[in-house]
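Please open the model in your viewer and keep the selection tool at hand. We will go from stop to stop, choosing something new each time.

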Amino acid sequence: MVRHATFPLFTFGPAAVVLASLGADASRAELPGWDTFALGGALIVGTYVALAVLERAFPHRPAWNQSQDDVRADVAYFVLVGPASAIAGGVLAALAGSALHATLPEAVQPTLWPRHWPAWTQVLLACGIAELGHYAAHRLGHEWPLLWRLHAIHHSAKRLYWLNATRFHPLDLAVLAFLQALPLEVLGIPPGIFVAYFVASSCYGQLQHCNIDLDARAYAWFFATPELHRWHHSTDPAEGDSNYGAILIGWDVLFRTRFWPGRPIDAPVGIGSLPRFPTGLLAQLRAPFRWRAVEREAGPDATP
């Protein structure tokens, strides 16, 4: 039951609960009440706790439940760096969206978002639109050397578990959050739909990185499942430069970057060219700005 129920439960459940609590108000232009935000926060926290417990009881790789001198840094990313960076990117997107709205004729603005659609299809639409910005930024983070310096922090993890889903340099995560939220703000997504999308996205990131023995193969042509995402963390760039989706895998399918060799990854994860990447928080935050030194110190031939 755990293998087959974990993925659909935590993929669809949180957003469904939010939409059920909003009812007919999900597509209204008014901001939801504080009870909706409290419910969303409780769902996110509950998801994280449940995933952490399931990892211990049903691990995909038991070795990934052992610390790799990474817990302290991952906790700091999770509690401080990640939320601050995501909020900064979201606020900038809201400001940019408001500025753009001010230039549009008032009669045009209400027609930009299909509020008459069923609420669940609006959430799916939000995922698809936000994913395009994420896909572009994520792929460039792998293909442009300067952006890779920032994104490498996320790939420096030598194991995948729920807590390292937020291991991102603040500049990298702020850009991702900005490009995901901006088109939604410009199109005028209803606040209730955005809350449901945000809760789903916040839960899915940890699910995608979880160390749980689950089976999501039935969803792997639609969603960026944990099985697909583990290949994205391969030490071999020929395998890892793929599966860029945060929630959906559709843009990877369209642009031919979906990678699935028909079996789970059984090799180490991390950065093959930088196996000694810094493990401390401050050292990681400084790494993009002293990259040449990091390459000398963290390369495979570096002295321990």
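This tour visits the pockets, then a cavity, then some cysteines.

**Before you start**

Keep in mind that this is a predicted model.

**Stop 1: the largest pocket**

Select Ala 86, Leu 173, Phe 198, Ser 201 and Ser 202. You are now at the heart of the largest pocket, as these are the residues closest to its centre among the 41 that line it. The volume of this pocket is about 1100 Å³.

Next, colour the helices around it. Two or more lining residues come from each of α2 (34-57), α3 (71-101), α4 (119-143), α5 (145-155), α6 (170-187) and α7 (191-209). Which element has the largest share of this lining? That is α7, with nine residues. If you colour the lining by class, expect 23 nonpolar residues, 16 polar ones and two charged ones.

**Stop 2: the second largest pocket**

Now select Leu 31, Glu 185, Ile 189, Pro 191 and Phe 194. Of the 22 residues lining the second largest pocket, these five are the closest to its centre. Its volume is about 420 Å³.

Keep your helix colours on: α2, α3, α6 and α7 each give two or more residues to the lining here. Once again α7 gives the most, this time five residues. The class colours should show 13 nonpolar, seven polar and two charged residues.

**Stop 3: the cavity**

How many cavities of 30 Å³ or more does the structure hold? There is one, and its volume is about 80 Å³. To display its walls, select Gln 68, Asp 69 and Asp 70, then Ser 156, Ala 157 and Lys 158, then Arg 167, and finally Phe 277, Pro 278, Thr 279 and Gln 284. By class, this lining is made of three nonpolar, four polar and four charged residues.

**Stop 4: the cysteines**

For the last stop, show the cysteine side chains. You will find zero disulfides in the structure. Start with Cys 203, which is in no disulfide: the nearest cysteine sulfur belongs to Cys 127 and is 12 Å away. Is Cys 203 buried or exposed? Its relative accessible area is 0%, so Cys 203 is buried.

Move on to Cys 210. This residue is in no disulfide either, and the nearest cysteine sulfur, 12 Å away, is that of Cys 203. Cys 210 has a relative accessibility of 1%, so this residue also counts as buried.

Technical notes. Residues are numbered from 1 along each chain as its sequence is written. This is a predicted model: local features need pLDDT of at least 70, side-chain atom pairs count only at pLDDT 80 or more; totals for chains, interfaces and linings use all residues. Side-chain values use heavy atoms; hydrogens and water are left out. A disulfide is a pair of cysteine sulfur atoms within 2.5 Å. Buried means under 20% relative accessible area, exposed over 50%, partly exposed in between (1.4 Å probe, protein chains only). On a 1 Å grid over the protein atoms alone, a cavity is a set of points where a 1.4 Å probe fits but cannot get out, and a pocket is an open set with protein on both sides within 12 Å along at least five of seven lines; lining residues have an atom within 4 Å of a point. Grid points are joined across faces, edges and corners, and a volume is the space filled by probe spheres set on the points. Ala, Val, Leu, Ile, Met, Phe, Trp, Tyr, Cys and Pro count as nonpolar, Asp, Glu, Lys and Arg as charged, and the others, Gly among them, as polar. Helices (H or I, at least four residues) and strands (E, at least two) are DSSP runs, numbered from the N terminus.
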